[in-house]
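Trainee: Hi, have you got a minute to go through this model with me?
Mentor: Sure, let's pull it up.

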Amino acid sequence: MKKIFALPLFKPFHISASSFVVGVSTVFIIVWGYTGINKLYAPHKFAATMKDVKFMRPFADFLSYFVPIFELLLCLFLIFSFVTIGKTDINTRKIGLYVSAIFIFALTVYVGLMIAMYEHLPCRCGGVVEWLSWRNHLYLNIGLLLLAIAAIVVMKKNKYSKYY
């Protein structure tokens, strides 16, 4: 088992590459599952935020259902590490982490634009995220983006990809 890094605490603390990737995948399963269910529970709240933004208004109703369904599909990709279609094994966790990184990057850009363009815009994302300021929401997204990138780098550097 290859160790990816050690944190010097009271005792040496080692995390294997596969444990790190599975841990990051679990974080995204929780994030996408929680936000997806929250948005589907009250799609009108999510759509209302987008309708407050001029350039999002035409897409708000469509995105209020597409985004949470997409988030829940990402959960499924991250939960199952492999799916076999015919004679081909597809590494769904790897795909899920790549798509999670791209999606969280897009959400980070969106939040950054909201901060730059609007002085006051309430967040109606739902749940715990609703309590965050837009700036803290941006920091959370950046942290998640860095986690996704780190997991992808670990997967590329290690030859144990069949265990992810």
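Trainee: How do H2 and H3 pack?
Mentor: Helix H2 (residues 43–51) and helix H3 (residues 60–79) pack at about 135°, their axes 8 Å apart. That angle makes H2 oblique to H3, oblique being whatever is left after under 35 degrees (roughly parallel), over 145 (roughly antiparallel) and 65 to 115 (roughly perpendicular). Helices here are DSSP runs of H or I, at least four residues, numbered from the N terminus.

Trainee: Can I trust the details?
Mentor: This is a predicted model, with local features needing pLDDT of at least 70 and side-chain atom pairs pLDDT 80 or more, while totals for chains, interfaces and linings use all residues. Residues are numbered from 1 along each chain, and side-chain values use heavy atoms, leaving out hydrogens and water.

Trainee: New topic: how many salt bridges are there?
Mentor: Two, counting a side-chain nitrogen of Lys or Arg within 4 Å of a carboxyl oxygen of Asp or Glu. In one, Glu71 meets Lys39 at 2.9 Å, N to O. That pair links helix H3 to helix H1 (residues 17–41), 32 residues apart.

Trainee: Is Glu71 buried or exposed?
Mentor: Buried, at 1% relative accessibility, and Lys39 is buried too, at 7%. Buried means under 20% relative accessible area, exposed over 50%, and partly exposed in between (1.4 Å probe, protein chains only).

Trainee: And what does Lys51 pair with?
Mentor: Asp61, with the closest N and O atoms 3.1 Å apart. This pair links H2 and H3, ten residues apart. Lys51 is partly exposed at 35%, as is Asp61 at 48%.

Key:
Axes are lines fitted to C-alpha atoms, for helices over the stretch in contact, and angles run from 0 to 180 degrees between N-to-C directions. Helices (H or I, at least four residues) and strands (E, at least two) are DSSP runs, numbered from the N terminus.
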